[in-house]
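Biologist: I am new to this structure and would like a close look at its nonpolar core. Please set the rest of the chain around that part as you go.

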Amino acid sequence: MPHTTPSRTLTSWVGLAAASVALTCSLLGHSGSAQASTAPSGTAAAAPLAVAYSATAPTIDGTNLDDAIWQQATWQPMPYLMAGSKPQSGDFTGRFRLLWDEQYLYLQAEIVDDVLWDSRPNPLEAYWDDDALEVFIDSDASGGKHFDNHSALAYHVALDNQAVDIGDDGKPHLYNAHVKSAWQRVASNNPEAPYPIIWELAIRLYPNSYTDAKPLAPLTLQANQTIGFMLAYCDNDGSDVSTGKTPSQSVREHFMGSHFIQPVNGDSNRGYLDASVFGKLRLSK
Ligand SMILES: [Ca+2]
Ligand SMILES: [Ca+2]
Ligand SMILES: [Ca+2]
Ligand SMILES: [Ca+2]
């Protein structure tokens, strides 16, 4: 990270995220089969991350890291590569924090992405190959296969703020009623600034028995509820267009997430299939 980074906040959290990766990798290297109580944070086996209750709902408008409501939440890093190549910090860096009330799980993310890319105007087409913030939610932390059922959902929230996932018919569906989304760039007078995005979500949770044919009402969230959760970012900058692909053929360059996923046959991209790889949240009050 160059020392000319304009944002003091950014410098410190990028450094912290890197330190966290180093520490976690080190712990993983020595821990073998870790117990739930001692497993490193950022792993499926780790103790649940406590999420603070907010009596006042945060405004979902993609602004204001300094909002007093968000100061009760703790930043979490997104340091783990799940697919593609590992990006430099200016290519992608992300962190996020969470709050809850009875209606929603709230998320505020700060994302550095050097090129915003949305080459497929149809929100149902290859949405993972356009830039997207991907939220994995398993409302009862049941784990298990969820590709074409709603025991868990993997909401790909696109740059047009629409949320898409595979439905129980095996085809992509929009779930815009489930996720309220807004994002904006952070303005700066420094020409070297990375102009990070503040991306905010309010997420409804649904029971395992939700189906597309008979959508159920969202759950009322409760203190001490445990939720399966991961956050990821699909980063495409269209770099492969220079190699002869058309923009609509361009594929995701990095898929970075909040949790370490044990690879199977070298593949860590398992969150869209198996909710057992998610981390866990505990709603505290
Ligand atoms: Ca990028
Ligand atoms: Ca798109
Ligand atoms: Ca579930
Ligand atoms: Ca991008």
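Modeller: What follows begins with the model as a whole, then turns to the core, and ends with three places in loops.

This is a predicted model, in which local features need pLDDT of at least 70 and side-chain atom pairs count only at pLDDT 80 or more, while totals for chains, interfaces and linings use all residues. Residues are numbered from 1 along each chain as its sequence is written, and chains are lettered from A and ligands numbered from 1 in the order in which they are written.

The mean pLDDT (the predictor's confidence in each residue, from 0 to 100) is 88 for the chain, and 87% of the residues reach 70 or more. Over residues 1-36, however, the pLDDT is below 50, and this stretch has 35 contacts in the model beyond near neighbours in sequence; two residues are in contact if their C-beta atoms, placed from the backbone, lie within 7 Å.

The chain holds 1 helix and 14 strands, where helices (H or I, at least four residues) and strands (E, at least two) are DSSP runs numbered from the N terminus. Of its 285 residues, 37% are buried; a residue is buried if 20 or more other C-beta atoms lie within 10 Å of its own, exposed if 12 or fewer, and partly exposed in between, with C-beta atoms placed from the backbone.

A nonpolar core is a set of buried Ala, Val, Leu, Ile, Met, Phe, Trp, Tyr and Cys residues joined through C-beta atoms within 7 Å. The largest one has 62 residues, of which Leu107, Val135, Ile137, Val157 and Ile203 touch the most other members. Strand S12 (residues 226-235) gives the most to this core, with 7 residues. Leaving aside neighbours within four places in sequence, Val135 is in contact with Leu107, Tyr155, Val157, Leu201, Ile203 and Leu231.

Leucine 65 sits in the loop between strand S1 (49-53) and strand S2 (76-77), and it counts as partly exposed because it has 14 C-beta neighbours inside 10 Å. Again leaving aside neighbours within four places in sequence, leucine 65 is in contact with Trp70, Glu110 and Ile198.

Alanine 126, in the loop between strand S5 (105-113) and strand S6 (132-138), has a positive phi near 40° although it is a residue other than glycine. Alanine 141, in the loop between S6 and strand S7 (153-158), has a positive phi of about 50° and is not a glycine either; with 19 C-beta neighbours inside 10 Å, alanine 141 counts as partly exposed.
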